[in-house]
Amino acid sequence: MATIRNLKIKTSTCKRIVKELHSYEKEVEREAAKTADMKDKGADPYDLKQQENVLGESRMMIPDCHKRLEAAVSDLKSTLAELEETDEKEGPEIEDAKKTVADVEKQFPTEEA
């Protein structure tokens, strides 16, 4: 049974994952710039290899965040649908959830959208 409390939790989860995803994207940009700078300056091969590992780990987190975001949005949509079946179609929490779903689908189009 879907409740407003569950809806708020799932909405917050989606928002948190979006923030996390943006954070990883910025981190990849920073680490890529740092790696390029190290290559240009002829850094020690060991240090360069370690920096490339850091960059690789950051890049691996982006697809993981995308998967978690897709799952969270799907979960949020199903909770919204359940609440609408029980005639709870209005309220600030429901509007926030709908806005969050729309924002995520606009920013990160998926196969479903």
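Where does Gly-42 lie? I looked it up first and found Gly-42 in the loop between H1 and H2. I note here that the model is predicted.

**Entry: the loop glycine**

I checked the backbone of Gly-42, which follows H1, and read a positive phi, near 65°. I then asked whether Gly-42 is buried or exposed. Gly-42 counts as exposed because its relative accessible area is 57%, and the cut-off for exposed is over 50%. I also looked up how far Gly-42 is from Val-104: 62 residues in sequence, and 41 Å in space between their C-alpha atoms.

**Entry: H1 by itself**

H1 covers residues 4-40. I wanted to see whether its length fits its residue count. The 37 residues of H1, at 1.5 Å a residue, should span 54 Å, and the C-alpha atoms at its ends are 54 Å apart, so the two agree.

Next I listed which residues of H1 are buried. They are Leu-7, Thr-11, Cys-14, Ile-17, Val-18, Leu-21, Tyr-24, Val-28, Glu-31, Thr-35 and Met-38. I looked for what they pack against and found H2 and helix H3 (92-107).

**Entry: H1 with H2**

H2 runs over residues 45-85. I read that the axes of H1 and H2 come within 8 Å and cross at roughly 160°. H1 is therefore roughly antiparallel to H2, since an angle over 145 degrees counts as such. The crossing in which H1 passes H2 is left-handed. I sorted the residues of this contact by class and got 22 nonpolar, seven polar and 13 charged.

**Entry: two residues of H2**

I picked Ser-58, whose place is in helix H2. Ser-58 has a relative accessible area of 3%, so I put it down as buried; the cut-off for buried is under 20%. Which residues is Ser-58 in contact with, leaving aside its neighbours within four places in sequence? I found Glu-27, Val-28 and Glu-31. Two of these names, Val-28 and Glu-31, were already in my list of buried residues of H1.

I then picked Lys-49, also placed in helix H2. Lys-49 has a relative accessible area of 47%, so I noted it as partly exposed. I looked up its separation from Glu-105: the two are 56 residues apart along the chain, and their C-alpha atoms are separated by 37 Å.

**Entry: H2 with H3**

How do the axes of H2 and H3 cross, and within what distance do they come? I read a crossing at roughly 145°, with the axes coming within 10 Å. This crossing is left-handed. On the H2 side I found Leu-69, Val-73, Leu-76, Lys-77, Leu-80 and Glu-84, which meet Ile-94, Ala-97, Lys-98, Thr-100, Val-101, Val-104 and Glu-105 in H3. The residues of this contact divide into eight nonpolar, one polar and four charged.

**Entry: H1 with H3**

Last, I looked up how H1 and H3 pack, and found an angle of about 30° with their axes 10 Å apart. H1 is therefore roughly parallel to H3, as angles under 35 degrees count that way. H1 passes H3 in a left-handed crossing. From H1, the contact takes in Ile-4, Leu-7, Lys-8, Thr-11, Cys-14, Lys-15, Val-18 and His-22. From H3, it takes in Glu-93, Ile-94, Asp-96, Ala-97, Thr-100, Val-104 and Gln-107. I counted the classes for the contact of H1 with H3 as seven nonpolar, four polar and four charged.

Terms used
Residues numbered from 1 in each chain as written. Predicted model: local features only at pLDDT ≥ 70, side-chain atom pairs only at ≥ 80, totals over all residues. Heavy atoms only, no water. Axes fitted to C-alpha atoms, helices over the stretch in contact; angles between N-to-C directions. Helix = DSSP H or I, 4+ residues; strand = E, 2+ residues; numbered from the N terminus. Parallel < 35°, antiparallel > 145°, perpendicular 65-115°, else oblique. Left-handed = near helix turned anticlockwise from the far one by under 90°. Nonpolar A, V, L, I, M, F, W, Y, C, P; charged D, E, K, R; others polar. Expected span 1.5 Å × (residues − 1). Buried < 20%, exposed > 50% of the residue type's maximum accessible area, 1.4 Å probe, protein only. Contact = heavy atoms within 4.5 Å.
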